[in-house]
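Reader: I'd like to go through this model with you, starting with the ligand and moving on to the charges and the odd backbone spots. Can you take my questions one by one?

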Amino acid sequence: MNRSSAYANANIALIKYWGKSDQELNIPEAPSLSMTLELGTKVTIESISGPAHQAKVNEQDLARLSAYLELVRKHLPYQGFLSVRSESSVAMSAGLASSAAFFAALATALNEHFSWGLDQKNLSILARMGSASAARSIFGGFCALEGGVSHKEAFAYELDTLDVAMVIAIVSSDKKPISSRSAMNMTKATSPFYKCFIENQRSDFEKSKAAISNKDFKGLGELMEHSTLKMFATMWTAQPFINYWQPKSLELIQLVLDIRKNHGPIAYFTMDAGPNVKVLCPKEHHPLVFKLVNDSGLALNVKSSFLGQGSKVIQEHLHD
Ligand code: PMV
């Protein structure tokens, strides 16, 4: 059986991308910076005779997957059709970057399957065409993704590292009310704050890269919260407005502020297109931060992750 498989971890943006300069190719309008987690997705692909691609996964929509595989075919011609299976340890469509892990694993599996011999930079470009944040899941640790640039320049690259952990407070794993793809398009089209968010992004991005190089956890945490809140400000001012937060999200943010008040600058929050709250902390403070979040009873479930690795080809294939 002609099968290829790959695994990729999800990543969480500390400096957010929101909105695209090119819809078809998924080129982000502004640069972003992320941390790769240790939670991810396995993908197995298999050549089939057709007449169409098949998705043996319920979490990814077949129309979106087929559109991606046909877009890839335009750039890197291949014959026939593919069946795609996946299995994930990331909650789907709940703002936990499941599409990042899925498309990074799929791009890595495609490269193996068709022996294209792409390097990590070109794999990152291939993954980005599926989901912009997937470009970053090709790499481990901290990485950056350029924005507002051409197709060939919009790839991720690895940065220095900081010894951190992320505590993930799951408020709900329900499917999000609106996909991040539609939400960012609506935001860009209708929010008067969007332009301001984009104008600020480059400086937040450069400052956060410097904070990582200088091992300045507090500086990085402050920039992350600022970028997160600016992104949500654009959504709340879209017409009609978009809201992913739930009351428990705000209570968790208050908990993070209380942790800082009582223990110093050891915990900072971020959120994505979903109600879950992610808390960044230095690795040495992870046991305390995890305990405080867990004991608060505010989350349905609390997970933790340290820095994860980049995507890789695997030999264990998924079966029906
Ligand atoms: O990769 P997408 O198109 O699903 O969008 C992800 C958007 C955010 O998670 C909110 C921010 C980011 O940079 O990952």
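Reader: How far is an oxygen atom of the ligand from an N or O atom in the side chain of Ser133?

Author: Keep in mind that this is a predicted model, so the number is computed from predicted coordinates. Ser133 is listed among the closest residues around the ligand, along with Tyr17, Ser131, Arg136 and Ser180. From the ligand oxygen to the N or O atom in the Ser133 side chain, the distance is 2.4 Å.

Reader: What share of the ligand does the protein bury?

Author: Besides Ser133, a polar side-chain atom of Ser131 sits 3.0 Å from a ligand oxygen, and a backbone N or O atom of Tyr17 is 3.0 Å from a ligand oxygen too. On its own the ligand would expose 390 Å². Of that area, the protein buries 92%.

Reader: How many of the residues in the shell around the ligand are charged?

Author: The ligand has 13 residues surrounding it. The shell splits into 6 nonpolar and 4 polar residues, and the charged ones number 3.

Reader: Is Thr234 buried or exposed?

Author: Thr234 belongs to helix H6, which covers residues 217–236. Beyond its sequence neighbours within four places, it touches Trp18, Thr187, Ser191, Phe193, Tyr194 and Phe197. Its relative accessibility is 0%, and buried means under 20%, so Thr234 is buried.

Reader: Which residue does Arg202 pair with in a salt bridge?

Author: The model has 15 salt bridges in total. In this one, N and O are 3.1 Å apart, and it joins distant parts of the chain, with Arg202 in helix H5 and its partner 56 residues away in the loop between strands S7 and S8. Arg202 is partly exposed because its relative accessibility is 35%, while the partner is buried at 16%. That partner is Glu146.

Reader: Which residue of helix H5 does Lys230 of helix H6 link up with?

Author: The side chains meet in a salt bridge, with N and O 2.7 Å apart. The two residues are 26 apart in the chain, and both of them are buried. Lys230's partner in helix H5 is Asp204.

Reader: How many residues apart are Lys218 and Glu222?

Author: These two also form a salt bridge, with the closest N and O atoms 3.2 Å apart. Lys218 is partly exposed at 42%, and Glu222 is partly exposed at 40%. Both lie in helix H6, about one turn of the helix from each other, so to speak in sequence terms, the spacing is 4 residues.

Reader: Which residues are linked with Glu46 in a network of salt bridges?

Author: This is a network of salt bridges rather than a lone pair. Linked with Glu46 are Arg3 and Arg85.

Reader: Which two residues does a cis peptide bond join?

Author: Most peptide bonds are trans. Here omega is about -5 degrees, which goes with the cis form. The proline involved is in the loop between H6 and helix H7. The bond joins Gln239 and Pro240.

Reader: Asn26 and Lys215 both have a positive phi; is Lys215 buried or exposed?

Author: Most residues other than glycine have a negative phi. Asn26, with phi near 60 degrees, is in the loop between strands S2 and S3 and is buried at 1%. Lys215, with phi near 55 degrees, is in the loop between H5 and H6. At 51% relative accessibility, against a cut-off of over 50%, Lys215 counts as exposed.

Key
Residues are numbered from 1 along each chain as its sequence is written. This is a predicted model: local features need pLDDT of at least 70, side-chain atom pairs count only at pLDDT 80 or more; totals for chains, interfaces and linings use all residues. Side-chain values use heavy atoms; hydrogens and water are left out. A residue is near a molecule or strand if one of its heavy atoms lies within 4 Å of it. A polar contact is a pair of N or O atoms within 3.5 Å; within protein, one must be able to donate a hydrogen and the other to accept it, and residues adjacent in sequence count only if both atoms are side-chain atoms. Accessible areas come from the Shrake-Rupley method with a 1.4 Å probe; for residues, only the protein chains shown count as cover. Ala, Val, Leu, Ile, Met, Phe, Trp, Tyr, Cys and Pro count as nonpolar, Asp, Glu, Lys and Arg as charged, and the others, Gly among them, as polar. Buried means under 20% relative accessible area, exposed over 50%, partly exposed in between (1.4 Å probe, protein chains only). Contact means heavy atoms within 4.5 Å. A salt bridge is a side-chain nitrogen of Lys or Arg within 4 Å of a carboxyl oxygen of Asp or Glu.
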